[in-house]
Each structure stands twice: as C-alpha cells, then as structure tokens.
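This report describes how two helices pack and where salt bridges occur in one protein chain. Please keep the sequence and the 3D view open while reading.

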Amino acid sequence: MKTITLVRHGESEANAGLPSSDPALIPLTATGIAQAAHWARSMDWRPAQIFSSSYQRAQHTAAPCAARWQLPIETIANLHEFVTLPPDEVAGTTNLERKPLIDAYWARAEPAHCTGPGAESFLAFAGRVDQVRARLEALPDRSVVFGHGMWLAMLVWRCMGFPVDSTRAMQAFRAFQLGLPMPNCCSYALHGEDGHWAIRFAAALPRALPTPGEQAVQIQ
C-alpha cells in the first residue's frame, strides 16, 4: 500500500489578515516560515519525492523539507488553490474585505458560474483536483505534496465519492470544507492502491514553533 503525505502551506499574509493581490504570489509570514522549518525538522522519515503547487506560499513551505533531504521540488500545475474571485477586481484587499463577495459566491452555489477573468468555476476547480487525483497512483510511495486548504478538502471530498455538479452538492462541499480541520502546515496521510484511497488527519507531528533565535532553514 502506498502512502502520500499532503501538507497545507504555512501561514500566509492573507491568512494573517493582510492585503493581497496576485493569488499565486502571496508570501508566507514569519510564522509561516517557522511552521515550514519546524515541519521539516519534525520528519523522522526520508521522502521519496517532494511535490508542490506553483503558488509561492506552497513552494516556500516545501523549501525546508527539500533542503533537509537534498531533493528538488517538483511542481504540479493543477495543485493550486481555488480562485473564486477575479484577482484584478479584488487586488489589495484583505480576506475580511473580500468576505461579502465570497459569501455571495457560495450562497449563489452555481457550479458552472465563473465570477470573471482569472477566476474559475466550481466545476473547473473540481476537475483540476480530479486530474491530480488520477495521477496519484503514479507518484512514488512516501511522496510529500505541499498544497492548499480548499484544494485538499476537495481531494478528500472526491475520494469519498461525493458529487460536485449541483447546487446541493456545492453547498454540501462548502459546509464540509469549513468544518474540516485544516490549520496552516497541517498534514494528511493518503493511503491506497489500485485507485482506492483512504485519508487520515496526521496529527502526530509536534506543533511547537522555534524559540526566538533558533536557526530556521532559509528560503531562497
């Protein structure tokens, strides 16, 4: 049986309530950098390969793990986070300022609806996740994949066989995603073979962060 470890990125500036623009370029905070370094130090096994979303916050979360084990970070194109709103229209806003628009999007719950340029529909997002899910069988055992919270929630949803093609399904996913434990730098262990997967929250890693002055792996 194969095991693939899925890791959500560390705390980003958007997670911390700061303004953001390009979803792909949101950086980690100092806390996020410390979380990533701590996650890498806490590993007691060598990964076979390291994969990441193309987004900066995921790449930088993967960097300490890659540095520790002297492995390259391989990018998976369809692993990036769900973009619900047109980036140009909400550039420079915070999560709190975007919340009314995001709430309206989910209240509308039309799976094929796209809010504008640079955004994507719920169906397109789910399709991206399904494409990566189909590739999991080809990843080597003990691979580590660094990605995003909503993306990981959709992977769990689809592994359980739930639909995405109706208003009811979209609303059910949103309720599921909001209730799923997904702190920054948390990890899930995906176990499976022959296309059949089981997933569990991997809560065994210690959650303590480095003390002041402790050396962390530098992000290049």
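The text below covers a helix pair and then the salt bridges of this predicted model.

**Helix packing**

Helix H1 spans residues 30-42 and helix H2 spans residues 56-69. The two pack at an angle of about 35 degrees, and their axes lie 8 Å apart. The crossing of H1 past H2 is right-handed.

Which residues of H1 meet H2? On the H1 side they are Ala36, Ala37, Trp39, Ala40, Arg41 and Ser42. Their partners in H2 are His60, Thr61, Pro64, Cys65 and Arg68. Sorted by class, this contact has six nonpolar, three polar and two charged residues.

**Salt bridges**

How many salt bridges does a search of the whole structure find? The search gives five. The table lists three pairs, with the distance between the closest N and O atoms.

| Basic residue | Acidic residue | Closest N and O atoms |
|---|---|---|
| Lys99 | Asp103 | 2.7 Å |
| Arg108 | Glu110 | 3.2 Å |
| Arg158 | Asp130 | 2.9 Å |

The pair Lys99 and Asp103 sits within one helix, H3, which covers residues 95-108. The two residues are four positions apart, about one turn of that helix. Asp103 has a relative accessible area of 33% and is partly exposed. Lys99, at 43%, is also partly exposed.

In the pair Arg108 and Glu110, the arginine has 44% relative accessibility and counts as partly exposed. Glu110 has a relative accessible area of 36%, so this residue is partly exposed as well.

The salt bridge between Arg158 and Asp130 has its closest N and O atoms 2.9 Å apart. This pair links distant parts of the chain, with the two positions 28 residues apart in numbering. Arg158 belongs to helix H5 (residues 149-159), whereas Asp130 belongs to helix H4 (residues 122-135).

Is Arg158 buried or exposed? Its relative accessible area is 17%. Buried means under 20%, so Arg158 is classed as buried.

Arg158 and Asp130 are also part of a wider arrangement: together with Arg133 they are linked in a network of salt bridges.

How values were computed: Residues numbered from 1 in each chain as written. Predicted model: local features only at pLDDT ≥ 70, side-chain atom pairs only at ≥ 80, totals over all residues. Heavy atoms only, no water. Axes fitted to C-alpha atoms, helices over the stretch in contact; angles between N-to-C directions. Left-handed = near helix turned anticlockwise from the far one by under 90°. Contact = heavy atoms within 4.5 Å. Nonpolar A, V, L, I, M, F, W, Y, C, P; charged D, E, K, R; others polar. Salt bridge = Lys/Arg side-chain N within 4 Å of Asp/Glu carboxyl O. Buried < 20%, exposed > 50% of the residue type's maximum accessible area, 1.4 Å probe, protein only.
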